[in-house]
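Please look over the structure below. A colleague has some questions about it, and a modeller replies.

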Amino acid sequence: MSDLLTPVAMYLANSVLSVIYIRSFLKEKYEKRGMPVIWSAVCFLIQILVFIIGADRFPVGKAAGIILNICILLFMQSFFFQKEMQKQVFITFSFVAGIETVKYMLVTFDIVVSGWGNQILDQLLAEEILNSVKKAVTGITICNAVMTALCVLFYTLLLSGYLFFINRKYVKKDYPLQTHENVFLILPCIAALCTSVIIRLIISSLNNGMGIVIYEAVPLIRLWLLVIGALMLSDIIASVVLFQKQIQYHEETEKRTLLENEVRQMQKEIAEIQDIYTDMRGLRHDMRSHLANISLLQCIYG
């Protein structure tokens, strides 16, 4: 991948996807048509300043970068959207966890695409199609550009698919999250973030930052990165699905309890009405008896 172009393109994708994702959960403070564009531009510029320009003077470690990402999103949400702290925390952690997980899944895809690109270049050189330095440089440039575009496309599609599933499965968006419920939702996200930090530390400590050596020495790591990444993303989505099922179950339980109470109340009212009817029948019987006695007395003394 290109050392600069790919991160810039990924930051741009993050900025656009973040505002789409957040708007599906939170209400905007300023209902303006240009808000998504302003958010994307500000978020993109902050990432460039912090992680590319600022990193030259103040190197940012993996854990520090994750914390900075979380702080940036929380700050921007508090400025652009209405305050819903519990929901904002979940949105931020789930988004950053998706970014960090997809990054390591992208490594495997990048290795595969780079292998294909190298094979194509070798074939072109072997067939003497790239028979001059100028043609060789042009071919390498085009090949790198295509590989970069494919990697960015893979990253964008995978991250957007992950966010789409969370947005689709999180049905009860108006439900006010409680603290313990929020903890339940963000724990899988924190686990994914910690796993990404551990993977980075292992690569850096064993190969002095040259992670590609590990992938070449142990090819199975490429597959396992995909598997672990897919499992972590699935775990976050599954926690959202389970949480929504719990809300639905509690709502159905409350409705059933309400209906049962209404049925009991109706049965009680029916029993009271039956008692009234019984009393009225007794009263009618007594009235008939009294009227019969009055008629008899009128006949005797009349």
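The questions and answers below go from the core to a cavity and then to single residues.

Modeller: This is a predicted model, in which local features need pLDDT of at least 70 and side-chain atom pairs count only at pLDDT 80 or more, while totals for chains, interfaces and linings use all residues. Residues are numbered from 1 along each chain as its sequence is written, and side-chain values use heavy atoms, with hydrogens and water left out.

Colleague: Which helix supplies the largest share of the largest nonpolar core?

Modeller: A nonpolar core is a set of buried Ala, Val, Leu, Ile, Met, Phe, Trp, Tyr and Cys residues joined through side-chain atoms within 4.5 Å; buried means under 20% relative accessible area, exposed over 50%, partly exposed in between (1.4 Å probe, protein chains only). The largest core has 54 residues, of which Trp39, Phe90 and Ile166 touch the most other members. Helices are DSSP runs of H or I with at least four residues, numbered from the N terminus; among those that each supply at least two core residues are helix 1 (5–23), helix 2 (35–57) and helix 4 (85–126). The largest share, 11 residues, comes from helix 4.

Colleague: How far apart are the end C-alpha atoms of helix 1?

Modeller: The expected span of a helix is 1.5 Å times one less than its number of residues. Helix 1 has 19 residues, so it should span 27 Å. The model agrees with this, as the end C-alpha atoms of helix 1 are apart by 28 Å.

Colleague: What is the volume of the largest cavity?

Modeller: On a 1 Å grid over the protein atoms alone, a cavity is a set of points where a 1.4 Å probe fits but cannot get out, and lining residues have an atom within 4 Å of a point. Grid points are joined across faces, edges and corners, and a volume is the space filled by probe spheres set on the points. The search finds 2 cavities of 30 Å³ or more. The largest cavity, with Asn14, Cys43 and Phe95 among its lining residues, has a volume of about 50 Å³.

Colleague: Is Cys151 buried or exposed?

Modeller: Cys71, at 44% relative accessibility, counts as partly exposed. Cys151 has 0% relative accessibility, so Cys151 counts as buried.

Colleague: Which residues does Gly229 touch, not counting residues up to four places away in sequence?

Modeller: Gly229 lies in helix 8, and Gly229 counts as buried because its relative accessibility is 2%. Gly229 and Lys103 are 126 residues apart in sequence and 9.1 Å apart in space, C-alpha to C-alpha. With contact meaning heavy atoms within 4.5 Å, and leaving out residues up to four places away in sequence, Gly229 touches Thr101 and Met105.

Note on methods. 1 Å grid on protein atoms, 1.4 Å probe; cavity = no way out; pocket = protein on both sides within 12 Å on 5 of 7 lines; lining within 4 Å.
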